[in-house]
Amino acid sequence: MSFIITGLSPEEFQSLYDLPAAALAARGVVRRIADQRPGYPCRITLEDAAPGERVLLLNYENHKAPTPYRSAYAIYVREGASEARTFIDEIPPALRGRPLALRHFDRQGMLIGASLVMDGAVGEAIVSAFEEPATDYIDAHNAAHGCFAARIRR
């Protein structure tokens, strides 16, 4: 079974790039400088920012379905990221080496399953989740911190 993982659209965040700290703070956004790799996974490029790169930490509504599972949490985006990366049948760098919680949703946005996966088993867990015909998409979250990592589609 084939799957696709695409980063978030940079257009959603471009208005924040290069804003002064006070303007970011008024929007609940914090600018950070990456000081290690891994540690600052960009949800646009789906790879960790390199030390010295500017990233924005902000609240993002990743699951907008009108269900009890509607969800928002903190994410990082690289300041200046201009193109969403796409991975077909491949696990992006930002999803490797981290324990992930995979939440399986149907077309109505209702949770129908979940799995906890460690590094090395992510691809198999995705394929297994999509063996259930009702699974429309999967939201990956970092298991430890709970933040949204990426959406996975058939």
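This short presentation describes the strand arrangement and the salt bridges of one structure.

Good morning, colleagues. Please keep in mind throughout that we are looking at a predicted model.

I begin with the sheet. Six strands form an open sheet with antiparallel pairing, and their order is E5-E1-E9-E8-E6-E7. Strand E5, covering 86–88, and strand E7, covering 111–117, are the edge strands, each of them pairing on one side only. From one strand to the next, the twist averages 20 degrees.

Within this sheet, consider the pairing of E6 and E8. Strand E6 comprises residues 100–105 and strand E8 residues 137–142; the two run antiparallel and are joined by six bridges. As one example, His104 has Ile138 in E8 as its bridge partner.

I turn now to the charged side chains. In general, side chains of opposite charge can pair when their charged atoms come close. How many salt bridges does the structure hold? The count is eleven, and I shall discuss three pairs and one network.

The first pair I shall discuss is Arg98 with Asp48, whose side chains meet in a salt bridge at 2.6 Å, N to O. This pair links distant parts of the chain, 50 residues apart: Arg98 sits in the loop between E5 and E6, whereas Asp48 sits in the loop between strand E2 (30–33) and strand E3 (54–63). Are these partners buried or exposed? Arg98 has a relative accessibility of 15% and therefore counts as buried, the cut-off being under 20%. Asp48 is buried as well, with a relative accessible area of 7%.

Next, the side chains of Glu53 and Arg78 form a salt bridge at 3.0 Å, N to O. Because Glu53 belongs to the loop between E2 and E3 and Arg78 to strand E4 (residues 71–78), the pair ties together parts that are 25 residues apart in sequence. Here the burial of the partners is as follows: Glu53 is partly exposed, at 27% relative accessible area, while Arg78 is buried, at 9%.

The next pair returns us to the sheet. Asp139 and Arg151 meet through their side chains in a salt bridge of 2.6 Å, N to O. Asp139 is in strand E8 and Arg151 in strand E9 (residues 148–153), so this salt bridge ties together parts that are twelve residues apart in sequence. Asp139 is buried, and its relative accessible area is 0%.

Finally, the network: Asp18, Arg31, Arg54 and Glu79 are joined into one network by salt bridges that share partners.

Thank you for your attention.

Key:
Residues are numbered from 1 along each chain as its sequence is written. This is a predicted model: local features need pLDDT of at least 70, side-chain atom pairs count only at pLDDT 80 or more; totals for chains, interfaces and linings use all residues. Side-chain values use heavy atoms; hydrogens and water are left out. Two strands pair if DSSP finds at least two bridges between them. Helices (H or I, at least four residues) and strands (E, at least two) are DSSP runs, numbered from the N terminus. Axes are lines fitted to C-alpha atoms, for helices over the stretch in contact, and angles run from 0 to 180 degrees between N-to-C directions. A salt bridge is a side-chain nitrogen of Lys or Arg within 4 Å of a carboxyl oxygen of Asp or Glu. Buried means under 20% relative accessible area, exposed over 50%, partly exposed in between (1.4 Å probe, protein chains only).
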